[in-house]
Amino acid sequence: QVQLVESGGGLVQAGGSLRLSCAASGRTFSNYAMGWFRQAPGKEREFVAAISSSGDLTDAADSVKGRFTISRDNAKNTVYLQMTALKPEDTAVYYCAARYGRVIYSTLYDYWGQGTQVTVSS
């Protein structure tokens, strides 16, 4: 029902910045909480950041807090992840996810994008 498409991934040097975008389908985007997750090879998918449907509530994982910022533009049906001070440990496939209603800070989301690769070189 809800389709999500991530973009903006790529190769960046340590200390650099990158902005990821997630475009959502449908006319009810403003009713969905949105989250960003990542998965490195051989590791489980982990929570990165999330934002409530209205944008009034946000949270981020301790590993990225202070470096990554999540935001959304409901008029454009898009959520963003601004990443700064990138580290090699941030290398992973980054996934956008959506759930109807209240924001949660876990992997229990209903809809997922295909992911975009972020590689941070040392």
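User: In this predicted model, is D90 buried or exposed?
Analyst: The model is a predicted one. Buried means under 20% relative accessible area. D90 has a relative accessible area of 2%, so D90 is buried.

User: Which residue forms a salt bridge with D90?
Analyst: Side chains of opposite charge can pair when their charged atoms come close. The closest N and O atoms of the pair that includes D90 are 2.8 Å apart, and a salt bridge needs them within 4 Å. The partner of D90 is R67.

User: How many residues apart in sequence are the parts that the pair of R67 and D90 ties together?
Analyst: R67 forms its salt bridge with D90. R67 lies in the loop between strand 6 (58-60) and strand 7, while D90 lies in the loop between strand 8 and strand 9, so the parts tied together are apart in sequence by 23 residues.

User: Is R67 buried or exposed?
Analyst: The cut-off for buried is under 20% relative accessible area. R67 has a value of 11%, so R67 is buried.

User: Which residues are linked with R67 and D90 in a network of salt bridges?
Analyst: R67 and D90 form a salt bridge. Both also belong to a network of salt bridges. The other residues linked in that network are R38 and E46.

User: How many salt bridges does a search of the whole structure find?
Analyst: R67 with D90 is a salt bridge, and D59 with K65 is another salt bridge. A search of the whole structure gives a count of five.

User: Which residue forms a salt bridge with D62?
Analyst: D62 is exposed, with a relative accessible area of 69%. The closest N and O atoms in its salt bridge are 3.6 Å apart. K65 also meets the side chain of D59 in a salt bridge, at 3.6 Å from N to O. The partner of D62 is K65.

User: What is the relative accessible area of D59?
Analyst: Partly exposed covers values between the buried limit of 20% and the exposed limit of 50%. K65, which meets D59 in a salt bridge, is partly exposed at 48%. D59 is partly exposed too, with a relative accessible area of 28%.

User: Which residues touch the most other members of the largest nonpolar core?
Analyst: The largest nonpolar core has 36 residues. Among the elements that give two or more residues to this core are strand 4 (32-39), strand 8 (78-83) and strand 9 (92-100). The members that touch the most others are M34, W36, L81, M83 and Y94.

User: Why is strand 3 largely enclosed by the rest of the structure?
Analyst: Strand 3 (18-24) is one of the elements that give two or more residues to the largest nonpolar core. Strand 3 is largely enclosed because, of its seven residues, the number buried is five.

User: Which residue of strand 3 stands opposite V5?
Analyst: Strand 1 (residues 4-7) and strand 3 run antiparallel and are joined by four bridges. Opposite V5 in strand 3 stands A23.

User: How many bridges pair strand 3 with strand 8?
Analyst: In this pairing L20 stands opposite L81 in strand 8. The two strands pair in the antiparallel sense, and the number of bridges is six.

User: Which side chains of strand 11 point to the face where they are buried?
Analyst: The side chains alternate along strand 11. Q117, T119 and S121 point to one face and are not buried. The buried ones, on the other face, are T116, V118 and V120.

User: In which sense do strand 2 and strand 11 pair?
Analyst: Strand 9 and strand 11 run antiparallel and are joined by three bridges, with Y94 opposite T116. Strand 2 (residues 10-13) has V12 opposite V120 in strand 11. Strand 2 and strand 11 have four bridges, and the sense is parallel.

User: How many residues in the lining of the largest cavity are polar?
Analyst: The largest cavity holds about 30 Å³ of space. Its lining consists of V2, L4, A24, S25, F29, Y32, M34 and A98. Seven are nonpolar and none is charged, while the polar count is one.

User: What is the phi of N77?
Analyst: Most residues other than glycine have a negative phi. N77 lies in the loop between strand 7 and strand 8. N77 is not a glycine, yet its phi is positive, at about 55°.

How values were computed. Residues are numbered from 1 along each chain as its sequence is written. This is a predicted model: local features need pLDDT of at least 70, side-chain atom pairs count only at pLDDT 80 or more; totals for chains, interfaces and linings use all residues. Side-chain values use heavy atoms; hydrogens and water are left out. A nonpolar core is a set of buried Ala, Val, Leu, Ile, Met, Phe, Trp, Tyr and Cys residues joined through side-chain atoms within 4.5 Å. Buried means under 20% relative accessible area, exposed over 50%, partly exposed in between (1.4 Å probe, protein chains only). Two strands pair if DSSP finds at least two bridges between them. On a 1 Å grid over the protein atoms alone, a cavity is a set of points where a 1.4 Å probe fits but cannot get out, and a pocket is an open set with protein on both sides within 12 Å along at least five of seven lines; lining residues have an atom within 4 Å of a point. Grid points are joined across faces, edges and corners, and a volume is the space filled by probe spheres set on the points. Ala, Val, Leu, Ile, Met, Phe, Trp, Tyr, Cys and Pro count as nonpolar, Asp, Glu, Lys and Arg as charged, and the others, Gly among them, as polar.
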